[in-house]
Amino acid sequence: ADESELNKILTTVLEEQTENDEMYASELKSVLLRLRPDFNEKTYGCATFYKLLTRLANRFGDLKVQNDNFNVIVSLNTSGDANEAIPQLNRDNWKEAFKAQIQAYKEGGFDRVNPSILKADILTAYPDFNERAIGFKRFSDVMKQLEKDGVVVVEMDEQKTMLIKLL
């Protein structure tokens, strides 16, 4: 599976099929399936079309992928920062990223959040995030470290589902 070729096809579709060079990922995939009936994101090692789009955007810089939690919008990257890679989370910078996301929840009026929501939002911002890269085995271990650091309190509800209380 040639990612470079796929990137060119998607870029061309966005240039030719839209006035403002953006479309929903679902529409883009429909067009792609008409052009390439055998297309499947799993061929490229991605579980979802969104993950594939994000990988192409990070690798080639031609696409811009935005996720507003309901819709994924794909557009051409016209900002000229095509070579500006998304920073990766590492042992030095991960806490700041998590604290910023938790702060965004607080500003949004939340006092508790399910850790899976936090992980999904971190993955949206940092598509290559994984716990091992920052020194943890599981995401729950990351939550326990944030609790030790006084950022959150880990709680369990009646169903033994982990919740994090934002401090």
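**Two three-stranded sheets and their helices**

Good morning. I begin with one pair of residues: Met23 stands opposite Val74 in strand S3. The model is a predicted one, in which local features need pLDDT of at least 70 and side-chain atom pairs count only at pLDDT 80 or more, while totals for chains, interfaces and linings use all residues. Residues are numbered from 1 along each chain as its sequence is written, and side-chain values use heavy atoms, with hydrogens and water left out.

Helices (H or I, at least four residues) and strands (E, at least two) are DSSP runs, numbered from the N terminus. Two strands pair if DSSP finds at least two bridges between them. On that basis S1 and S3 pair in the antiparallel sense over 3 bridges, and S2 and S3 do so over 5 bridges. In the second pairing, Lys64 has Ser75 of S3 as its bridge partner. S2 and S3 form a hairpin with 4 residues between them, and Asn69 in the turn has a positive phi of about 75 degrees.

The result is an open sheet of 3 strands in the order S1-S3-S2, with antiparallel pairing. S1 and strand S2 (63–67) stand at the edges, each with a single partner strand, so one side of each is left without a neighbour in the sheet. From one strand to the next, the twist averages 20 degrees. Helix H2 packs on this sheet, touching S1 and S3, and its direction makes about 90 degrees with that of S1. Here contact means heavy atoms within 4.5 Å. Axes are lines fitted to C-alpha atoms, for helices over the stretch in contact, and angles run from 0 to 180 degrees between N-to-C directions.

How enclosed is S3? Of its 5 residues, 4 are buried, so S3 is largely enclosed by the rest of the structure. Buried means under 20% relative accessible area, exposed over 50%, and partly exposed in between (1.4 Å probe, protein chains only).

Let me turn to H2 itself. The buried residues of helix H2 (residues 25–35) are Ala25, Leu28, Val31 and Leu32. They cover an arc of only 125 degrees around the axis, which puts them on the same side of H2; the arc is that of the directions from the helix axis to the C-beta atoms. As a general point, an α-helix has 3.6 residues a turn, so residues three or four places apart point the same way. The face of H2 turned away from the buried side carries the exposed residues Ser26 and Arg34. The cover over the buried residues of H2 includes helix H1 (3–17), strand S1 (22–24), helix H3 (49–60) and strand S3 (72–76).

I now move to the other sheet. Again 3 strands form an open, antiparallel sheet, here in the order S4-S6-S5. Strand S4 (112–113) and strand S5 (152–156) stand at the edges, each with a single partner strand, so one side of each is left without a neighbour in the sheet. S5 and strand S6 (residues 162–166) pair in the antiparallel sense over 5 bridges, and Met156 has Met162 in S6 as its bridge partner. Helix H5 (residues 115–125) packs on the sheet, touching S4 and S6, with its direction at about 75 degrees to that of S6.

How do H4 and H6 meet? The axes of helix H4 (residues 94–107) and helix H6 (residues 139–148) come within 12 Å and cross at roughly 80 degrees. That makes H4 roughly perpendicular to H6, a class that spans 65 to 115 degrees, with angles under 35 counted as roughly parallel, over 145 as roughly antiparallel and the rest as oblique. The contact is made by Trp94, Lys95, Phe98 and Ile102 of H4 and by Phe139, Val142, Met143, Gln145 and Leu146 of H6.

Within H6, Phe139, Ser140, Asp141, Val142, Met143 and Leu146 are buried. These buried residues pack against H4, H5, S5 and S6. Just after H6, Gly150 takes a positive phi of about 75 degrees.

I close with Ile102, in helix H4. Is Ile102 buried or exposed? At 1% relative accessibility, Ile102 counts as buried. Leaving aside residues up to four places away in sequence, Ile102 touches Leu118, Leu146, Val151, Val152 and Leu166. Ile102 and Leu10 are 92 residues apart in sequence and 34 Å apart in space, C-alpha to C-alpha.
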